[in-house]
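Student: Hi! Could you walk me through this structure?
Tutor: Happy to, let's have a look together.

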Amino acid sequence: MSWNEVMPLLWPATRETLYMTGVATLFTAALGLLLGVLLVITERGGLLPAPPINAVLGVVVNIGRSLPFLILMVAIIPFTRAVVGTSIGNAAAIVPLTVGAIPFYARLVEIALREVDPGVVAAADAMGATRREIVGKVLLREARPGLVSGLTVTVIALIGYTAMAGTVGGGGLGNLAVVYGYERFETKVMVSTVALLVVIVLIIQAAGDLASRRLTHK
């Protein structure tokens, strides 16, 4: 296979990878942020103490983080079919991608929120701020650099997940690498997909680092 034959295959596969990563990131950022906030505010001594709920959420997050992605993807096939009507393709891959990334990002959100100076929270409480205001205008605002850094790590993990999803019909660069690079022994395809994945990760990491640094100085 010549380079002229390889190049037309790369763009559709890259587009599929970016699509799966982008959509999964949107859901992960929203639901992971919510879950992370709940983990912090429902702990003993938190803004809304509820130890039983906190314990349940902690168990759910730990189970989600402990499952290897390929096993998770197979285990929730019935749920994936119920949501999108199929277990193969880009749309189907987004479901396990999101389910696998939410608990991962939730823990990173929890860590970022715990690093907020307790004195800032106490000051807001002393000035009569409501719980919602403390969460939205103090905790989340002060934790923005950590939240962005955590999201950057999560997006990069999602790219790795998409490559694994491609091995079982998820599409994207992972599928291209398996079908052409591995099964057909096309070294050029394998090298190209690896190089593209590396470039994508480097770009995302650089953008995340830049955003985090800018938020740190505000």
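**Salt bridges and a buried threonine**

Tutor: Let's start with a pair of charged side chains: E43 and R114 form a salt bridge, and their closest N and O atoms are 2.7 Å apart. Keep in mind that this is a predicted model.

Student: Ok, so which parts of the chain do E43 and R114 sit in?
Tutor: E43 is in the loop between helix 1 (3-41) and helix 2 (51-66), while R114 belongs to helix 5 (residues 90-114), so the pair ties together parts that are 71 residues apart in sequence.

Student: Why do charged side chains pair up at all?
Tutor: Side chains of opposite charge can pair when their charged atoms come close.

Student: Is E43 buried or exposed?
Tutor: In between: E43 counts as partly exposed because its relative accessibility is 21%, and buried means under 20%. R114 also counts as partly exposed, at 43% relative accessibility.

Student: How many salt bridges are there in the whole structure?
Tutor: A search of the whole structure turns up three.

Student: What does R114 pair with besides E43?
Tutor: R114 forms a salt bridge with E110 too, with 2.6 Å between the closest N and O atoms. Those two are four residues apart in helix 5, which means about one helical turn separates them.

Student: And what does R107 pair with?
Tutor: The side chain of R107 meets that of E110 in a salt bridge, at 2.6 Å from N to O. R107 and E110 are both in helix 5, three residues apart, or about one turn of the helix.

Student: Are R107 and E110 buried or exposed?
Tutor: Both R107 and E110 are buried. For E110 the relative accessibility is 9%, so E110 falls under the 20% cut-off.

Student: Which residues are linked in the network of salt bridges?
Tutor: The network links E43, R107, E110 and R114.

Student: New topic! Where is T154?
Tutor: You'll find T154 in helix 8, which covers residues 144-166.

Student: Is T154 buried or exposed?
Tutor: T154 counts as buried, because its relative accessibility is 1%.

Student: What is T154 in contact with?
Tutor: Leaving aside neighbours within four places in sequence, T154 is in contact with T28, A101, F104, Y105 and L108.

Methods. Residues are numbered from 1 along each chain as its sequence is written. This is a predicted model: local features need pLDDT of at least 70, side-chain atom pairs count only at pLDDT 80 or more; totals for chains, interfaces and linings use all residues. Side-chain values use heavy atoms; hydrogens and water are left out. Buried means under 20% relative accessible area, exposed over 50%, partly exposed in between (1.4 Å probe, protein chains only). Contact means heavy atoms within 4.5 Å. A salt bridge is a side-chain nitrogen of Lys or Arg within 4 Å of a carboxyl oxygen of Asp or Glu.
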